[in-house]
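Please examine the sequence and the model shown below before attempting the exercises. Each exercise is followed by a worked solution.

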Amino acid sequence: MDTVEEFLAYAVKLEEEAALRFGELSDVMQTCGNGDVAKLFRRLSDYSRLHLADARARASFRDMPKMKAEEYTWPDLESPETAGIWAADPFIGRGQALEIAREAEQASLNYYKSVFETTQDPEIRVLAKEFFEEESEHVREINKWIAAHADGRGLPVD
């Protein structure tokens, strides 16, 4: 990352795609009658929307680059927090959904941490650290959900 504007453009795109995918997965799970997993994915979509609003607010007074989807360079095929599309399987269980959610949140955390560790720009470092710390909180929360599920307590998503 060379500029704060570039970082924010990537953050906006990452959070847009995460919010969209988790929202889609929530809708599929609700339609299939898998309400617990739908609630989980909806909460993650809402988190991404909060991050998206934050990134957009930070970008609102800047001259942002206009990038097409194919111009973004991600570590994998999709942006890091985009949950695997296989999570749309109507028979997915809570445990599988939790693992998919954790993988997506961990990938986002790793992405922001990598930016933090590799950029030379002090302002980007501050922003990247804030973003990876937020993602760390999500990973910790999902780990709590996984522990609750393993103990038979269900998902604390209400």
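The exercises below concern a predicted model.

**Exercise 1.** Determine how many helices and strands the protein chain has, and in which pattern they follow one another.

*Solution.* The secondary structure amounts to 4 helices and 0 strands. Along the sequence, the pattern is accordingly written α-α-α-α.

**Exercise 2.** Decide whether helices α2 and α4 are roughly parallel or antiparallel to each other.

*Solution.* Step 1: α2 covers residues 35-59 and α4 covers residues 122-150. Step 2: their axes lie 12 Å apart, and the helices pack at an angle of about 170 degrees. Step 3: angles over 145 degrees count as roughly antiparallel. Step 4: α2 and α4 are therefore roughly antiparallel.

Residues that meet include Leu40, Tyr47 and Arg58 from α2, and Leu127, Glu134 and Trp145 from α4. The residues of this contact comprise 8 nonpolar, 2 polar and 7 charged.

**Exercise 3.** Describe the largest nonpolar core and state which helix gives the most to it.

*Solution.* Step 1: the largest nonpolar core contains 23 residues, and Phe7, Leu8, Tyr111 and Tyr112 have the most contacts inside it. Step 2: α1, α2, α3 and α4 each supply at least two of its residues. Step 3: α1 gives the most, with 8 residues.

Beyond its neighbours within four places in sequence, Phe7 is in contact with several residues, among them Met1, Tyr112 and Phe131.

**Exercise 4.** Explain why the radius of gyration of the protein chain agrees with that of a compact globule.

*Solution.* For 158 residues, a compact globule would have a value near 15 Å; the protein chain has 16 Å, which therefore agrees.

Notes. Residues are numbered from 1 along each chain as its sequence is written. This is a predicted model: local features need pLDDT of at least 70, side-chain atom pairs count only at pLDDT 80 or more; totals for chains, interfaces and linings use all residues. Side-chain values use heavy atoms; hydrogens and water are left out. Axes are lines fitted to C-alpha atoms, for helices over the stretch in contact, and angles run from 0 to 180 degrees between N-to-C directions. Angles under 35 degrees count as roughly parallel, over 145 as roughly antiparallel, 65 to 115 as roughly perpendicular and the rest as oblique. Contact means heavy atoms within 4.5 Å. Ala, Val, Leu, Ile, Met, Phe, Trp, Tyr, Cys and Pro count as nonpolar, Asp, Glu, Lys and Arg as charged, and the others, Gly among them, as polar. A nonpolar core is a set of buried Ala, Val, Leu, Ile, Met, Phe, Trp, Tyr and Cys residues joined through side-chain atoms within 4.5 Å. Buried means under 20% relative accessible area, exposed over 50%, partly exposed in between (1.4 Å probe, protein chains only). The radius of gyration is taken over C-alpha atoms; the globule rule is 2.2 Å times the number of residues to the power 0.38.
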